Amino acid sequence: MGKPKHYRPPGKKKEGNAARYVTRSQAIKLLQVSLSDFRKLCIHKGVFPREPKKKVKGNHHTYYHLKDVMYILHDPLLEKFREIRAYKKKIKKAKAKKNDELARLLLSRAPSYKLDMVIRDRYPTFVDALRDLDDPLTMVHLFAMLPAIDRLKIEVKCIHNCRRLCHEWQAYISRTHKLRKVFVAVKGIYYQAEVEGQKITWLAPHARQQVLTDDVDFNVMLTFLEFYEALLGFVNFQLYHSMNVKYPPILDPRLEALAADLYALSRYFDANYKTSVQEPQVAGSSISEQEQEESNLRLAQLQRQLPANEPGALMHLVQDAASETEEDEATRDCKNLFQNMKIFLSREVPRESLLFVIPAFGGIVSWEGDGAPFAEADDSITHQIVDRPTQGHVYLSREYVQPQWIYDSVNARIILPTEAYMVGRDPPPHLSPFVDNEAEGYVPDYAKTIKELQAAAKNDVQPFPGMGNDVLDNSQNMLAEGYISRTEAMEAAEKKQKMMLLEKQYHDDLKMELQDVSSINKQSSAEDMESKEELLRDVQQSAMDSEDLSRLMMSRKKRGLAKAIEMNKQRKKDHVEKLKERKRNIEAAQKSEKKHKKA
C-alpha cells in the first residue's frame with residue numbers, strides 16, 4: 001500500500017493555514033513580550049487578528065498572520081519595550097531593598113518611546129493620514145470631555161493634551177472655512193470637514209458630565225489614544241505650517257484662564273503673520289514694539305497654564321496667510337454664509353460648538369463673560385442665540401433665535417427664515433445632512449421647503465403679488481436651472497395662465513360632445529376593457545414565469561444575493577411606509593387638537 005497523497009514525514013515544515021497563521025500565545029512566545037506589551041505593539045503597528053478559513057488549533061483561539069508577527073519582530077519599538085521592561089525591574093528591586101534615593105533617581109531617568117517612526121511608516125503621505133483621521137478625532141474629542149480618574153489611569157495631563165489638540169484642529173478648520181456639515185444627535189454633534197479633497201467626519205460629545213462605566217476596557221482605549229494623539233499632533237503641525245504659522249501656538253495665559261481663547265489665538269496668529277510675512281520696519285519705535293511682543297510671547301510660554309474648556313480663540317484668525325491656496329466654490333460659499341452678521345450667545349446654548357461653527361461660516365461671535373470680544377449691549381449685534389422661553393431684556397434691533405437655526409442654515413447653505421426658530425416655538429425637524437432622501441425613497445416636507453428656498457435664494461425669485469406658487473412652479477424651475485431670465489419667467493407665467501384657461505374651455509367642449517357619444521360606445525368600451533385586462537394579466541403572468549425561470553437558472557450564491565437585495569428593498573419600503581404613517585398620525589393629532597381648542 002502506497003503513501004497517502006498529503007503524507008509528510010514528522011519534523012518537516014508545515015504548509016497551508018498551519019504555516020501562515022499563529023495563535024496569540026504562539027505570537028507572544030515568538031516575540032518574547034508580555035500580553036499587555038503585545039496588545040500595545042499590535043495597536044501601534046496596526047496589526048489585527050485574522051480569520052483563517054481553516055482554524056488549525058480550534059475555534060476558541062485568536063489567530064494572527066505570521067507576516068504581521070514578523071513585521072512586529074523587526075520593529076525598533078519592540079526593543080524599546082524590552083528596555084523599559086528591564087528598567088522597571090531595576091526600580092522594583094530598588095524599592096524592595098528600601099533604597100528610596102536610588103528608586104527616585106531611576107524614576108527620573110526612566111526611558112520613554114516615541115511613535116514618530118511608526119506614524120511615518122503607517123502613513124507614507126499626508127493624504128493617507130487625513131484619510132484615516134475619523135476615528136482619531138472622535139476618540140480625542142471624547143477624552144477631552146472625560147474627567148481625570150486615577151483608578152482608570154486617565155491623567156489630567158492626558159485630558160488637557162486632548163483638549164489642546166481638539167482646539168488646534170478646530171482652529172484650522174474654522175480659519176480655512178473647511179467645515180461642510182453639522183448634525184446634532186443624541187450621541188453628540190457630528191461634524192464633516194473637507195481637507196485637501198478628503199471628507200473627514202467625527203463625533204464630539206455634548207458638553208455635560210460624563211459617566212464612566214465598568215464594562216469598557218480603558219487600558220486598550222488609552223493605548224489607542226496614545227497613538228491617535230501623536231497622529232493628530234503630526235497632522236496639526238503639517239496644517240499649521242501650510243499656512244506659515246508656527247506650531248504649537250503660544251497663547252496668552254491670562255486670556256486662557258478667562259476661557260477667552262478667541263482673542264488669545266487671534267493675537268498669536270496676528271503676531272506670527274507679521275513676523276513671517278511682513279518685512280521688519282526700520283523705525284525704532286516699531287522695533288521696540290516688536291521686541292516687546294516677542295518678550296510677551298516668551299513670558300506666555302513660560303507661564304503657560306492648562307487650557308480652559310472653551311475652544312475659544314482657536315476659532316478665529318484675523319489675518320489671511322500669504323501661502324493660502326485658491327479657495328474653491330464650496331469654501332467661498334461657507335466663508336460668506338454669515339458674512340456681516342454679529343451673533344451673541346446666551347449662557348444656556350452649546351457655546352463650545354457654536355464658537356466653532358459660526359466663525360467657520362464667516363460670522364462674528366461673542367458670548368457672555370470676561371474676555372468676550374463685545375458685550376450683549378452692543379447695538380451692532382444682528383442675532384442673539386437663546387434657548388429659553390423668556391428673556392429678561394429684549395433689544396428690538398436684533399433677532400432672537402434658537403441654536404438649531406445656525407445648524408440648519410449651515411446644512412442648507414442659505415440663511416433660513418427665522419420665524420420658525422423664534423423663542424418659545426417648536427422648531428422644524430432637524431434633518432440630517434448625511435441622509436440622501438432621494439435614495440431612501442422618502443423626502444420630508446421640511447426638506448422640500450428648504451429646496452424651494454435654496455432655488456429662490458440662488459436666483460432671487462420672489463412670489464408675485466396676487467399669484468399663488470402653482471402658477472410660478474414651471475417658470476421657477478426653469479429659472480432655477482438657469483435657462484431663462486427673470487423677465488422671461490414673468491412672461492412664461494402669464495402664458496401658462498392663458499393656456500390653462502384655453503385648456504379648460506377645450507375640455508368643457510369635449511365633455512359635451514362625449515356625453516352624446518357615450519351611450520353608443522358603452523357596450524364596445526366594456527368589451528375593450530375586458531380584453532385589455534386579460535392582456536395585462538397574461539403579460540404579468542409571463543413576466544413572473546420568466547423571473548422564476550431565471551431564478552432557477554441561477555447558482556445558489558447568486559440566488560441568495562438576489563433574495564437579500566429583495567429583502568433590503570422590502571425593508572426600505574416598510575421603513576418609508578412607517579414614516580408616512582407616523583406623519584399621518586401626527587397630522588391627525590394636530591387637527592384634533594385644533595378642534596378641541598376651537599370648541
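Me: What makes strands 3, 4 and 5 an open sheet with antiparallel pairing?

Reply: In this predicted model, the three strands have the order 3-4-5, and their pairing is antiparallel. The edges are strand 3 (179-184) and strand 5 (198-204), each of which pairs on one side only. From one strand to the next, the twist averages 15°.

Me: How do you know that strand 3 pairs with strand 4 (residues 189-195)?

Reply: Pairing calls for at least two bridges between two strands. Strand 3 and strand 4 are joined by five, and they run antiparallel. Strands 3 and 4 therefore count as paired. For one bridge to look at, take leucine 179, whose partner in strand 4 is alanine 193.

Me: Which strands make up the open sheet with parallel pairing, and in what order?

Reply: Four strands form that sheet, in the order 7-6-8-9. Strand 7 (364-367) and strand 9 (399-401) are its edge strands, each pairing on one side only. Neighbouring strands here are turned by 25° against each other on average, direction ignored.

Me: What makes strand 8 (residues 383-385) and strand 9 a pair?

Reply: Again the threshold is at least two bridges. Strands 8 and 9 have three, in the parallel sense. So the pair meets the threshold. Within it, glutamine 384 has tyrosine 400 of strand 9 as its bridge partner.

Me: Why are helix 10 and helix 16 called roughly parallel?

Reply: Helix 10 (residues 156-176) packs against helix 16 (residues 351-360) at an angle of about 25°. Angles under 35 degrees count as roughly parallel, so this pair takes that name. Their axes lie 8 Å apart.

Me: Which residues make that contact?

Reply: Helix 10 brings His167, Gln170, Ile173 and Ser174, while helix 16 brings Glu352, Phe356, Pro359 and Ala360. By type, the residues of this contact are four nonpolar, three polar and one charged.

Me: What makes a residue of helix 3 (residues 35-45) count as buried, and which ones do?

Reply: The cut-off is under 20% relative accessible area. In helix 3, Asp37, Phe38, Leu41, Cys42, Ile43, His44 and Lys45 are buried.

Me: What covers the buried residues of helix 3?

Reply: The cover includes helix 2 (24-31), strand 2 (63-65) and helix 4 (66-73). Also included are helix 5 (76-96), helix 7 (116-122) and helix 11 (218-242).

Me: Which residue follows helix 3, and what is the sign of its phi?

Reply: Glycine 46 follows helix 3, and its phi is positive, near 75°.

Note on methods: Residues are numbered from 1 along each chain as its sequence is written. This is a predicted model: local features need pLDDT of at least 70, side-chain atom pairs count only at pLDDT 80 or more; totals for chains, interfaces and linings use all residues. Side-chain values use heavy atoms; hydrogens and water are left out. Buried means under 20% relative accessible area, exposed over 50%, partly exposed in between (1.4 Å probe, protein chains only). Helices (H or I, at least four residues) and strands (E, at least two) are DSSP runs, numbered from the N terminus. Contact means heavy atoms within 4.5 Å. Axes are lines fitted to C-alpha atoms, for helices over the stretch in contact, and angles run from 0 to 180 degrees between N-to-C directions. Angles under 35 degrees count as roughly parallel, over 145 as roughly antiparallel, 65 to 115 as roughly perpendicular and the rest as oblique. Ala, Val, Leu, Ile, Met, Phe, Trp, Tyr, Cys and Pro count as nonpolar, Asp, Glu, Lys and Arg as charged, and the others, Gly among them, as polar.
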